[in-house]
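Ready for some practice at reading a structure? Grab the viewer and work through the exercises below one at a time.

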Amino acid sequence: MGFISAPNPSSPILRSVKEKLEPMEVTQVLLNAQSIDGAVRKNAEESLKHFQEQNLTGFLLLLSGELVSEEKPVETRKLSGLILKNALDAKDQQRKVELVQRWLSLDGNAKSQIKAGLLKTLSSPVSDARSTASQVIAKVAGIELPHKQWPELVGSLLSNVHQLPVHAKQATLETLGYLCEEVSPDVIDQDQVNKILTAVVQGMSASEGNADVRLAATRALYNALGFAQANFSNDMERDYLMRVVCEATLSPEVRIRQAAFECLVSISSTYYEKLAPYIQDIFNITAKAVREDEEPVALQAIEFWSSICDEEIDILEEYGGDFTGDSDIPCFYFIKQAIPALVPMLLETLLKQEEDQDQDEGAWNIAMAGGTCLGLVARTVGDDIVPLVVPFIEENITKQDWRQREAATYAFGSILEGPSPTKLIPLVNVALNFMLSALTKDPNSHVKDTTAWTLGRIFEFLHGSAVDSPIITQANCQQIVVVLLQSMKDTPNVAEKACGALYFLAQGYEEVGPSSPLTPFFQEIVQSLLTVTHREDARESRLRTAAYETLNEVVRCSTDETAPLVLQLVPVIIMELHNTVEGQKLSSDEREKQSELQGLLCGCLQVIIQKLGSSESTKYLFLQYADQIMGLFLSVFACRSATVHEEAMLAIGALAYATGPDFVKYMPEFYRYLEMGLQNFEEYQVCAVTVGVVGDICRALEEKVVPYCDGIMTQLLKNLSSNQLHRSVKPPIFSCFGDIALAVGEYFEKYLMWAMSALQSAAELSTHTTGDDELIEYINTLRNGILEAYSGIFQGFKNSPKTQLLIPYAPHILQFLDGIYMEKDMDDVVMKTAIGVLGDLADTLGSHAASLIQQSVSSKDFLNECLSSEDVMIKESAEWAKLAISRAISV
Amino acid sequence: MAPHDIRRPFKRAAISDQQKRRELSLLRQAQNRRDAQQQARCLASSILSLQSAAPESQPEQSDTEIETVPESEQESEAFSKDLDVRQASKLRGPEVRKWFARQLMLPEWMIDVPDRLAQDWYVFARPAGKRCFVVSSNGTTVSRQRNGSILHHFPSALPAGAKIRDGSGSAQSYCILDCIFHELDQTYYVIDMVCWNGYSLYDCTAEFRFYWLNSKLEESGACNAPSHYHKFRFSAVPVYNCDSSGLYSAYTGVGPYAKDGLLFYNKHALYQTGNTPLALVWKDENCSQYVIDTDGKGEIPSQQQVVLELQDDRKLVTSDDPPVLFGCLDGDIIEKSGLHTGNLLRFAIGDGGLSFADGKLEKADLIYLGKSNRARAFADSYSKVLFQFMVRHSPLKIDDLLASINSANDQEKTPSDIEMVG
């Protein structure tokens, strides 16, 4: 929202703004802020902004007064509520924290007055005012309840819910729903949860005469389900809750039925283990909905079963095939038991395709949801699904009606992941020829689209070195290639699927050895893909992207035999990229197209560089193009001027690795783009990629990188201290410190103090982990970055006369190692890096650190644990550490 | 609720090549970082090890076979310090033999029993055969004898020892093993480990090196029967703590190899090149066929023979550091036989024998025989001469060793009752 950005002090409009806004005037300003006249609107927005700056408390009081007042127009009441809401919450995390602090520090009386106004608005006859107030109350609660403020809120909402007029009751239930969405379950005590649930369930029950109230209650329950752990553990309460939800799925009101099914979907993942007594009834309800109800309801009914599949796939994966394993939640095999009825129901949905669904990116309908669910069922039950689906395929695949042929093909494609190759390969061997012929001859585009997709799935799951009996032989390989290349001339959506099939065909030959069956067709495949990228309609159905992606995979999986052909591709792609940087004066639409194409071409070059750079013989042949390529990358950066292209940056990293020390000649020109990339906080992926490229450059240039280190280190340290930088970029920055130190050796001395201080504070923060799995994963990434930095620094300083500069840091580093060891939540990567750091410390400091090392837990328990690790990398690092320690303490 | 957030219609292509490119780049970078780190760890340690392996005070070890130009000596010495073993393996001709000849740890002969034998020492039966250095690197394995000459050039299962596809074999990886090649079963018995898989063990204690040797050698598959990519079998030797039962086992135990005496290693000693008193060799007729040195025809000469080095000032010295003086050669003989400084000369010990004062050699009755065999790289060490002398007159017996261990067990001070001279 414009209202929260800082005012521009030089704006001439500000001079005309009055210092104080009166209640009478605020209405006018709010109306003006919605005026269709841009100048009027702008002036009003400036006034609001100004007043907010001048006197926030007064401003908020005015707004709440506006919202509560029945005399005011509905538009200004709504806008007041919206501005209030935006004064409490923001998408940006940093901004959000500021707003929370600002609200908490406001005058208590003013806040009470505002909150009273909000609660009063809930009984307004104007529905927009009520609804806005509901949302604002939830935002205030989201801030205050975790701070133990506004304890009376739930009580006052519920105190007279039964006596309230219908519209106020509806608003109260809606508020409870938003409240549950906003606050976490642990800030509301069980007693209040019980009261909320009681009110909500009563509002949902069939005896509630008003549909709006019943709908609000059902939606509120959806948000409140996360609070109901205790209630779902109590048989009576759970029975009651489930009964009310199931009854609501039969409501005459479609919105209520849909909301009730949404509750069932949520219950299926939150309370999977409690569902056994109800699953038969739920099946009956969902089957009826899928067959008879309106689409939004039917989609939710299918989603219920998809969600059950998700749960069981997760649980079975956790078992890891070991059915005696004690997972927290047992598998109830609901899907396995349901398939005799579930699979026929899903197969029926496949026949309900929409015309043109394949051209519409966002399409989502019963047939698609049903196919998706069928695919999940196949992954859940494996082989058991095959006999249930095969008759449907056989019956429909040759039918006159395209819907039947498409549905049969879709069913086949859907079950290709899950069942064993032994079960599927005989089917595929029979079907493959039919599919290849359908792809060229079927008169219907839908059928061809799905056929190409199915072929892609066949190659993805049943073709490759992991599969024992190959489905692709010398006999049919040529035919497959010919058909796919032919199909790449079809309509964009079919051609895109054909590219996808070719992608997986190539991927399956990735580990084929020195000679690939695709070698004879390599030239033709590459030519066809390039032709596709030049099609007039290549931008439809992301066809051009798919063609380049497939070209990339074909290059990645190519063998030595075709290396000369890959080399020939280099000048071709160079020319294409050259053409994109030629154009001048582009419209913004053309610029976007150009940038997209440059991305694809840089991506393709990156793959080629990595491929040819990985073997000595091809590397030297390729390097003749290095100057030309680097020149083009610099032109790509220049086109974009404001920002650096991530794809070009990734490609430059690969180029630096291939060229080695010679890369130094590009540095004077390239450096400013490197710096620009490091400064790009908004597109944090670009920043992260650039940090990685700094590492590549360090390894390529070694001590020749020294002249650029001041700039790089300054920027990296600046990035670390910024709040705006996405957290995922911090670990690679630390690793990058290690890369730099390893490259420049003792020259790192001038950054040592700064780097070590940043590392030390990060180490202190990441020693202990609290939070969810995602946070723990992040902390481990951070630890790994920190440890890689320490490794690089120790090894960089080794054998230099300045080794003793590191001695003062040793106690802290050992303490960090001991600390994370004691936490017992390291992942394997961290473990490997950590034990390596212990070795590096011992190796570099030697006898200076002998007694410190011997005192550390890491050098005993942790080291022993790593030495007996199953993980080869951990074990290897541990052996290095043991050696280094043994040397350090024996000298 | 909108279509499920995470439920992407699965008929849409699942591939995002950009994400894949990003991930593959990260993977490549992580791999490169690992390689760089690994290289730093290995390189650094092997340079260090060479610094300690090429001590400045090394006595001139000229050999008739290795033509040494004195002027280049200084230069090649400095050169070798910055060299790691992989570069050393690229040296050609005399340089390489010279380099390798300096890398072995040479045990002294046991002429008295060290203190705390049971606590601080290991004992094992030395396999009979050629002492050699086995180096695996760049997909090949080379064994070199003490004088630097190549014994075998072969593929082995040691890390980097054969050209086979192996993901773990990095360019940095190499091994240096101290071995004895046992002809009878064509096996390399590994008696010490100097570098393993790129990591140097020079600065590690014997205790650690033996632990490492035992765990790593087996793991590598080098102990397996010979095959196409593994021409010779390697084997560790059983090493015992030198208490009475350990000593007994080493002395009487029947192993797969013919014994040639016992080796004693101090547990706390690092791998030190050249002669060291922290590793000792001892023999008697029960555990060795070669107790008394034989001459070129394989017969035991009636008089003990020694090889000494001729120095500038006509002095005759041993290969020890510092060298031990045995006497001076007449200017006459030098002139007549055309001898040069650095020549290794063969002498017999006459009836006058060796005489000692305060445990030091006072006088030796030397009879000049001629230049030594061309294959010799070193003069005899002092301890060898003395051991051979004792064997002929008053040998150190296994009972003396046992007695020393037992008396130490009885909390008695180790008696110095072993007369060194007859």
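## Exercise 1: where two chains meet

B:E219 and A:K875 form a salt bridge, with 3.2 Å between the closest N and O atoms. Keep in mind that this is a predicted model.

**Task.** Work out which elements of chain B supply the side that touches chain A, and which of them gives the most.

**Solution.**

Step 1. Start with the elements that each bring at least two residues to that side of chain B: helix 1 (17-53), strand 8 (199-200) and helix 6 (206-220).

Step 2. Now look for the top contributor. Helix 1 of chain B gives the most, with 19 residues.

Step 3. Sort the residues on this side of chain B by kind: you get 19 nonpolar, 10 polar and 14 charged.

## Exercise 2: sizing up the interface

**Task.** Find how many residues of each chain are in contact, and how much area chain B and chain A bury between them.

**Solution.**

Step 1. Count the contacts: 43 residues of chain B touch 76 residues of chain A.

Step 2. Turn to area. The size of an interface is often given as the accessible area lost when the parts come together. Here chain B and chain A bury about 5200 Å², and 52% of that lies on carbon and sulfur atoms.

Step 3. Add the specific pairings. Between chain B and chain A there are eight salt bridges, and 13 residue pairs are in polar contact across the interface, both residues at pLDDT 80 or more.

## Exercise 3: a sheet in chain B

**Task.** Take the open sheet of five strands in chain B and say why strand 15 and strand 17 each have one side without a neighbour.

**Solution.**

Step 1. Write down the order: 15-14-13-16-17, with antiparallel pairing.

Step 2. Check the ends. Strand 15 (325-328) and strand 17 (360-371) of chain B are at the edges with a single partner strand each, so one side of each has no neighbour in the sheet.

Step 3. Zoom in on one pair. Strand 13 (residues 305-310) and strand 16 (residues 344-357) of chain B are joined by five bridges, and B:V306 sits opposite B:F347 of strand 16.

Step 4. See what packs on this sheet. Helix 9 (residues 382-393) of chain B touches strand 13, strand 15, strand 16 and strand 17, and its direction makes about 65 degrees with that of strand 16.

## Exercise 4: parallel or antiparallel?

**Task.** Decide how strand 12 of chain B runs against strand 1 and against strand 11.

**Solution.**

Step 1. Strand 1 (residues 105-109) and strand 12 (residues 274-282) of chain B run parallel, joined by five bridges. B:L106 stands opposite B:N275 there.

Step 2. Strand 11 (residues 259-266) of chain B pairs with strand 12 in the antiparallel sense, over four bridges. B:L262 has B:W282 as its bridge partner.

Note on methods
Residues numbered from 1 in each chain as written. Chains lettered and ligands numbered in written order. Predicted model: local features only at pLDDT ≥ 70, side-chain atom pairs only at ≥ 80, totals over all residues. Heavy atoms only, no water. Contact = heavy atoms within 4.5 Å. Buried area = accessible area lost by both parts, 1.4 Å probe. Salt bridge = Lys/Arg side-chain N within 4 Å of Asp/Glu carboxyl O. Polar contact = N/O pair within 3.5 Å; in protein donor to acceptor, adjacent residues only side chain to side chain. Nonpolar A, V, L, I, M, F, W, Y, C, P; charged D, E, K, R; others polar. Pairing = 2+ DSSP bridges. Axes fitted to C-alpha atoms, helices over the stretch in contact; angles between N-to-C directions.
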